[in-house]
Amino acid sequence: MIPDQGTLLPLCSRCQQRPRRPGQRWCQPCANQYKSQRYWRLKTEEGGAHDVIPAPSQAEKPIGLCRLCGMGAWFEWSPNTWRCALCGIRPAL
Ligand SMILES: [Zn+2]
Ligand SMILES: [Zn+2]
């Protein structure tokens with residue numbers, strides 16, 4: 001237990017270990033932890049509606065047409081790599 005100082009401030013309501021920050025319910029480490037968790041949760045919600053999980057792939061489909069077949073039938077071969085569905089070549093950059 002914390003001697004002396006711990007009796008001055010009530011303990012953190014989260015971890016019950018460290019004294020609270022003045023005027024706050026939690027100690028500094030707990031507050032920091034909460035903030036970063038909240039930050040990341042907000043980050044993931046930014047992408048769209050709350051119940052929609054953003055697609056894992058960020059690759060943009062190439063706009064140009066295939067230089068061999070002239071089609072724009074790109075498909076994602078592997079993450080961030082597009083290939084022509086007909087010829088299998090990669091799009092010109
Ligand atoms: Zn705490
Ligand atoms: Zn092609």
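Where is Cys27 found in the chain? I began my notebook with this residue, bearing in mind that the structure is a predicted model.

**Entry 1: Cys27**

I traced the chain and saw that Cys27 sits in the loop that connects helix 1 (5–8) with helix 2 (28–45). I then asked whether Cys27 is buried or exposed. A residue counts as buried if 20 or more other C-beta atoms lie within 10 Å of its own, and Cys27 has 21 such atoms within 10 Å, so Cys27 is buried. Leaving aside residues up to four places away in sequence, I noted that Cys27 touches Cys12, Cys15, Arg18, Pro19, Arg20 and Arg21. I also looked up the spacing to one of these residues, Cys15, which lies 12 residues from Cys27 in sequence and 8.2 Å from Cys27 in space, C-alpha to C-alpha.

**Entry 2: other residues of that loop**

I next turned to Gln24, which is also placed in the loop between helix 1 and helix 2. Gln24 counts as partly exposed, because 13 C-beta neighbours lie inside 10 Å. Between Gln24 and Pro10 I found a separation of 14 residues along the sequence and of 9.9 Å in space, taken from C-alpha to C-alpha.

Gln16 belongs to the loop between helix 1 and helix 2 as well. I recorded Gln16 as exposed, because 10 other C-beta atoms lie within 10 Å. What caught my attention was the backbone of Gln16, whose phi is positive, at about 60°, although the residue is not a glycine. Most residues other than glycine have a negative phi.

**Entry 3: the chain as a whole**

I stepped back and noted two helices and two strands in the chain, which follow the pattern α-α-β-β when read along the sequence. How many of the 93 residues count as buried, as a percentage? I wrote down 5%. Among the contacts with a separation of 6 or more, residues 24 or more positions apart account for 5%.

I also checked the confidence of the prediction, and found that the mean pLDDT of the chain is 82, with 76% of its residues reaching 70 or more. Among the elements, helix 1 has the lowest mean pLDDT, at 54, whereas strand 2 (residues 81–84) has the highest, at 93.

**Entry 4: helix 2**

I followed helix 2 through its 18 residues and noted that it reaches 26 Å from its first C-alpha to its last, close to the 26 Å expected at 1.5 Å a residue. Of these 18 residues the number buried is one, so helix 2 lies largely in the open. I added a reminder about helices, that an α-helix has 3.6 residues a turn, so residues three or four places apart point the same way.

**Entry 5: the two strands**

In what sense do strand 1 and strand 2 pair? I found that they pair in the antiparallel sense, over four bridges, and that within this pairing Ser78 stands opposite Thr81 in strand 2. Of the five residues of strand 1 (residues 74–78) the number buried is zero, so strand 1 lies largely in the open.

The two strands form a hairpin with two residues between them. Asn80 is found in this loop between strand 1 and strand 2, and its phi is near 70°, a positive value in a residue other than glycine. I closed the entry by recording that Asn80 counts as exposed, because 10 C-beta neighbours lie inside 10 Å.

Key: Residues are numbered from 1 along each chain as its sequence is written. Chains are lettered from A and ligands numbered from 1 in the order in which they are written. This is a predicted model: local features need pLDDT of at least 70, side-chain atom pairs count only at pLDDT 80 or more; totals for chains, interfaces and linings use all residues. A residue is buried if 20 or more other C-beta atoms lie within 10 Å of its own, exposed if 12 or fewer, and partly exposed in between; C-beta atoms are placed from the backbone. Two residues are in contact if their C-beta atoms, placed from the backbone, lie within 7 Å. The expected span of a helix is 1.5 Å times one less than its number of residues. pLDDT is the predictor's confidence in each residue, from 0 to 100. Two strands pair if DSSP finds at least two bridges between them.
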